[in-house]
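Trainee: I am new to this structure and would like a close look at a single part of it, followed by a careful account of what surrounds that part.

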Amino acid sequence: MKKASALKLSLIALGVLATAGVTATTAIAAKTDDGITAKTMTDALHTVMAADRKIYTKLIISRLAKKEKVITASEHWKDEKALVLPAQMFRYASEEVAKKKPSFSYKLLSEWPINKQNAPKTKAEKEGLKFIAANPGKNYYTEEKLGKKKYFTAVYADTAVSPACVSCHNDHKDTPRSDFKLGEVMGGVVIRVPLK
Amino acid sequence: MAKKSNKQYWIIWGALSVLVAAYLTYGLLEKASATQPLMAEGRLMLLPGHTTHAHHQIELACESCHTEAFGGGELIQEACVSCHAEELELGDDSHPASKFDDPSNVERLEVLDAQQCITCHVEHKPDITNPMGVTLPQDFCAHCHSGEDEMPPDHKDFGFGGCTEAGCHNYHDNRALYEDFLVKHSTKPWLLDEPQLPKRAFAEAAMEMMMPYPMDQYPLEPLSAEQHDAPSSMSVDPKVHADWLASSHAKNGVNCSACHVNQDPETAGEMVGQWIEKPDHTGCQSCHDKEIKGFLAGKHGSPIAQGLAPMTPAKARLPMKSDVHDTALTCSTCHDSHKPDTRKAAVESCMSCHNDEHTLAYKASPHFKLWQDEIAGKAPAGSGVSCASCHMPRVDVETEEGSRMMVQHNQNDTLRPNEKMIRPVCMSCHGLGFSIDALADPALIKNNFNGKPAKHVDSIDMAVAKDLEARQKREEEKRKRAEQASEEVSAEAEGSTVAEEYEEDFDEYN
């Protein structure tokens, strides 16, 4: 009984998402090879990523480096015997995922990157980052062609969820922007799914 | 009549052709040909061109890279990775293939496929091979790193060819060259107050069980003459016996069987076999696994690792002494089996073969003076600088059990590009700036560091200037923000402080 109602709920949820997808732009209706809409897939992936990212920053970085001050966080974590930065944690995981050759890829970018390699490259990335910064609370979805392949590309806001985000970025010597505030958009997570 | 003799010639010609074809086919298809002197020539004839300095000593082991006859680029890539992946990872490779997996790199990869080793390192092309085995023109960095976004303002007057030549950047290993590292070590003098190389710690590592070691069978206790465990049926050479008894092996409980009976390195110390009269490197392996691994990865041991006859000075491309041309390189070539004297192995062994300018200049160098003082007992351990101090240095390595000090027997690990030597070696005694300058001065390297660098690499100065500028800018912005904030606070009179927000962060999870 319990199982059945759970199933029903998720079907409804899927239905809602699907209807949302169909009524929105064609990009949103795009389907992956397996038939679920690309948007459903990227949205779900992003939920997990954002939660992991938030928890790591709060429970590890904020707690140990900022509050308890027992260890520092540094991009040179190996040399400095320090904690891995949240953005690095995110990238290492993304590279680990890529090794498994799954049907998606993701990364963290910003219009104001500390690390220049995190600057947007493609047109969709540039437009997506602009859009999420100008429209707080909204995600950006589009389709793009890279090389010979077509992709569904989603961009989700990466916001300053903790004071640690703000202080570290604003004080970093390589940051091109130093007036971030708590709750503001600092960059975006780009998730891509190849389309047929 | 004439017709008949013609026919004879045809038959002889035909037979010879078949023979030559058979000879070459054998060379092509049969790896065993590589180890048979007569047959190896056949293999050699089929080489499409000699390989680089990195691979020439194993170039007859075609199968090591060409794992299948009709394999494509993927198989070659797998072969590269199977030998080089670990060192690239340990070197914090700045351009790992994984960096380019993201689809947004397609355009870049179309310009230069950075996911394939052979994009930059093509083998068998001696005519176009540059230093470090690079077969691209030296401005390859500029394919991706050019334009305003990629080139910082302080680089705008630099040419395209010099990125890796000037002592500033490497493509793979930048552990000693990245900006924050340069800044952090910018103020160190040319010679540190307490120059000190890492000390030997093999016995300690065995005792602390930081590595597999057959401690039960061979406890670290001195053995007496009577305690030797060679079979009683054997007549033991008195000199061999005396040498062993005086060696650090006998003093630390390493009995005859430890080397002369094969031990299973997996289950350290378990004997698996008969008495071996002349043990090869596998005899050393159950105690010195990491050292052997290094040896087999380097120029001295890689032919053995690839199933070829051991390296000899005759096969080297560097100048070697003529009287040792045919000496086979195994562990016991440098380490006399029954008199394993590491001091001899650290200098005399090297100099008995190597005959280039750098080697020949060593005995006139300040490093050698320090070495003499150390072995004469006039200076503390770790203050002398031998050949091995730099080319086979003691380094800390991770083991499954933790970490331990080992001698890196892969002579290439700290060489090529020579900036790889800075952190594990030079910086034990010298400041970073001096080390970078010294290694960028070819004349100084030739005379074995007899003098000071003639050249100065600007990288540290540039990094410090950039760092200072950035910090000042941040300070200025911070001051402005604080001013603004205090205005806002006095206007609002309340609002949560950063500290309170931290508390809120944690409450959520408590």
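Leaving aside neighbours within four places in sequence, which residues is Met421(B) in contact with?

Mentor: This is a predicted model, and what follows should be read with that in mind. Once its neighbours within four places in sequence are left aside, Met421(B) is in contact with Cys390(B), His391(B), Thr414(B), Leu415(B), Cys426(B) and Leu439(B). Two of these names, Met421(B) and Leu439(B), come up again in the largest nonpolar core, which has 26 residues; those with the most contacts inside that core also include Phe181(B), Leu182(B), Ile422(B), Leu432(B) and Ile436(B). The elements of chain B that give two or more residues to this core are helix H6 (179-184), H20 and helix H22 (459-492), and H20(B) gives the most, with 5 residues. Apart from this core lies another one, of 18 residues, among them Leu45(A), Phe152(A), Ala154(A) and Val193(A). As a general background to such cores, nonpolar side chains in soluble globular proteins tend to be buried together.

From the core we can move along chain B to Arg423(B), whose side chain meets that of Asp79(A) in a salt bridge, with 2.7 Å from N to O. Arg423(B) lies in the loop between strand S4 (402-407) and helix H20 (432-439) of chain B, while Asp79(A) lies in helix H4 of chain A, so the pair joins two chains. Neither partner reaches the 20% limit below which a residue is called buried: Arg423(B) is partly exposed at 29% relative accessibility, and Asp79(A) is partly exposed as well, at 28%.

That pair leads to the wider meeting of the two chains, where 42 residues of chain A are in contact with 33 residues of chain B. The size of an interface is often given as the accessible area lost when the parts come together. For chain A and chain B this buried area is about 3100 Å², and 50% of it is on carbon and sulfur atoms. Across the interface there are 9 salt bridges, and 16 residue pairs between the two chains are in polar contact. On the side of chain A that touches chain B, at least two residues each come from helix H3 (38-67), helix H4 (77-80), helix H5 (86-99), strand S1 (105-109) and helix H7 (163-171). H3(A) gives the most to that side, with 8 residues, and the residues of the side divide into 10 nonpolar, 12 polar and 20 charged.

Lys173(A) is a useful residue to follow through this region, for its side chain takes part in a salt bridge with that of Asp180(B), at 3.0 Å from N to O. The side chain of Lys173(A) also meets that of Asp174(A) in a salt bridge, here at 3.7 Å. Lys173(A) is buried, with a relative accessible area of 11%, whereas Asp174(A) counts as partly exposed at 30%.

A little further along chain A comes Ser178(A), in the loop between H7 and strand S4 (185-195). Ser178(A) counts as buried because its relative accessibility is 9%, and buried means under 20%. Its side chain makes a polar contact of 2.4 Å with the side chain of Glu477(B). Not counting residues up to four places away in sequence, Ser178(A) touches Asn170(A) as well as Arg474(B), Glu477(B) and Arg481(B).

The search of the whole structure finds 36 salt bridges over all chains. One of them is formed within chain B, where the side chains of Arg175(B) and Asp173(B) meet at 2.7 Å, N to O; here Arg175(B) is partly exposed, with a relative accessible area of 30%, and Asp173(B) counts as buried at 12%. Salt bridges also link residues into a network, made up of Lys107(A), Glu125(A), Glu144(A), Arg192(A) and Asp102(B).

One last residue on chain B is His155(B), placed in the loop between helix H5 (106-111) and H6. His155(B) is buried, with a relative accessible area of 18%, and, apart from its neighbours within four places in sequence, His155(B) is in contact with His169(B) and Met462(B).

Terms used:
Residues are numbered from 1 along each chain as its sequence is written. Chains are lettered from A and ligands numbered from 1 in the order in which they are written. This is a predicted model: local features need pLDDT of at least 70, side-chain atom pairs count only at pLDDT 80 or more; totals for chains, interfaces and linings use all residues. Side-chain values use heavy atoms; hydrogens and water are left out. Contact means heavy atoms within 4.5 Å. Buried area is the accessible area (1.4 Å probe) that two parts lose on being put together, summed over both. A salt bridge is a side-chain nitrogen of Lys or Arg within 4 Å of a carboxyl oxygen of Asp or Glu. A polar contact is a pair of N or O atoms within 3.5 Å; within protein, one must be able to donate a hydrogen and the other to accept it, and residues adjacent in sequence count only if both atoms are side-chain atoms. Helices (H or I, at least four residues) and strands (E, at least two) are DSSP runs, numbered from the N terminus. Ala, Val, Leu, Ile, Met, Phe, Trp, Tyr, Cys and Pro count as nonpolar, Asp, Glu, Lys and Arg as charged, and the others, Gly among them, as polar. Buried means under 20% relative accessible area, exposed over 50%, partly exposed in between (1.4 Å probe, protein chains only). A nonpolar core is a set of buried Ala, Val, Leu, Ile, Met, Phe, Trp, Tyr and Cys residues joined through side-chain atoms within 4.5 Å.
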